[in-house]
Amino acid sequence: MERCEKGDKVMNQSNMHDCPKSGPGYASPLAAMSGPRETLLYVTAIYSGTGRDKPDFLATVDVDPISPTYSKIIHRLPVPYLGDELHHFGWNSCSSCYGDPSAVRRYLILPSLVSGRIYVIDTKSNPRSPSLHKVVEPEDIISKTGLAYGHTSHCLASGDVMISFLGDKDGNAAGSGFLLLDPEFKVKGRWEKPGHSPSFGYDFWYQPQHNTMISSSWGAPAAFTKGFDLQHVSDGLYGRHLHVYSWPGGELRQTLDLGESGLLPLEVRFLHDPSKDTGFVGCALSSNMIRFFKTEDGSWSHEVAISVKPLKVQNWILPEMPGLITDFLISLDDRFLYFVNWLHGDIRQYNIEDPTNPVLIDQVWVGGLLQKGSPVVAITEDGNTWQSDVPDIQGKKLRGGPQMIQLSLDGKRLYVTNSLFSAWDKQFFPELVEKGSHMLQIDVDTENGGLKINPNFFVDFGAEPGGPSLAHEMRYPGGDCTSDIWI
């Protein structure tokens, strides 16, 4: 039987499936799919930028259908400061540490997009009621690295945690880069080598068997924190590049210019199978899913894999509305890709068993600017008007558009929240800031494909004791692997 100790390289998913457990997570993506059903979800809830003078909090949501508190928030952990804007968080240890028996998936690492502060949350002592373990102050980060505006957190096989930062303290994108925290959550410094920082920052994903890390590029904090201005794109304040790094060396080896088809590339994902040398990035403004891949000479290239056409509209700020792809993920068996169109309001499921030819399987409408009752209407090719049919859930009208998604290990449940970033929420969906966010569950047919809204699940962040809040990122206690990386 193949050994799964730290440092071993197993070249495909099938021969990892039977490896004995020796660390956090699972031996392979396929092994993770047979893990236990989730019973809790941690969700960041935002007050920053809403006009409510309260700290953001981490909500614990009961997602166990046999529980008396199913679909309810059962615990709230407020952070100690105001104005953080908690964002994309991850674990201190994950499946990249599977071969290390000393590693434990215990702490959530919560970067703050506005303040740059990092919170470390202990979930092991009481998973239903996590507690604050440590705060890494922005002054410490800036003094040692110059980095500000924290975004994405990933655990590393070394025990360190790596976090992307989107700029310097003045909001310049040229100051972006990657922070390393040691296992005690002390600032070690930057990951990338001096002179190898990206032009813009956002998300990143590493694929060790190909000695590669790829990061994406949103925009300059000085621009996006003020809301979206199309002129800022022309002014060069938003990105359209992928940055290809050596892993774990930290040398910027290649920059892929995605051009007009790749404006505002956000979430980036390799296929889960660690032997694969292909992945996708969702480009928000262009509303394209772009596939990147290694070529025969060892360099990397890209092509548009899926294109969401902008819709001609009336009663909106522009004559055409992009879908605005803001989040996507891939099922652990690499069969399905899911993405959201935040403005249009739909969630899509594609079969990507042939990643060069994604096939649309289904889509479901759960909000957006075009739903019936909205003043905004789409104009079809024959000149008729059209609006999406969005159902009420438990008597509640769905606000905003689908934004963050999280998939169960078995791929059968897709959880959805709807806040992007408070300044953009306020600009495009003011009702979301006024009345608060919500969380949905989409039931997935993993045999034949298909998406269906679960009518029994609705978490209302608009009914919070402290006033309406904005729900963003989600993670499962202990067993969340859809963002794990295997080595």
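User: Before we turn to the sheet in this predicted model, how many bridges must DSSP find between two strands for them to pair?
Analyst: Pairing is a matter of counting bridges, and in this predicted model two strands pair if DSSP finds at least two bridges between them. Strand β26, which covers residues 377-379, meets that condition with β27, since the two pair in the antiparallel sense, and the number of bridges between β26 and β27 is two.

User: Which strands stand at the edges of the open sheet that contains β20 and β26?
Analyst: Four strands make up this open sheet, with antiparallel pairing and the order β21-β20-β26-β27. Each edge strand has a single partner strand, so one of its sides is left without a neighbour in the sheet; the edge strands are β21 (320-321) and β27 (385-386).

User: Which residue of β27 is the bridge partner of I379?
Analyst: Strand β26 spans residues 377-379 and pairs with β27. Within β27, the bridge partner of I379 is T385.

User: Is L230 buried, partly exposed or exposed?
Analyst: L230 lies in helix α4, residues 230-234, and together with I317 and L318 forms a nonpolar surface patch with about 270 Å² of accessible area. Buried would require under 20% relative accessible area and exposed over 50%. Because the relative accessibility of L230 is 43%, this residue counts as partly exposed.

User: Which side chain is joined to that of D460 by a polar contact of 3.1 Å?
Analyst: D460 belongs to strand β31, residues 451-460. Leaving aside neighbours within four places in sequence, D460 is in contact with K396, R399 and S437. The polar contact of 3.1 Å joins the side chain of D460 to that of K396.

Methods. Residues numbered from 1 in each chain as written. Predicted model: local features only at pLDDT ≥ 70, side-chain atom pairs only at ≥ 80, totals over all residues. Heavy atoms only, no water. Polar contact = N/O pair within 3.5 Å; in protein donor to acceptor, adjacent residues only side chain to side chain. Contact = heavy atoms within 4.5 Å. Patch = residues over 30% accessible without salt bridge, like charges linked within 9 Å, V, L, I, M, F, W, Y side chains within 5 Å. Areas by Shrake-Rupley, 256 points an atom, 1.4 Å probe, with all protein chains shown as cover. Salt bridge = Lys/Arg side-chain N within 4 Å of Asp/Glu carboxyl O. Buried < 20%, exposed > 50% of the residue type's maximum accessible area, 1.4 Å probe, protein only.
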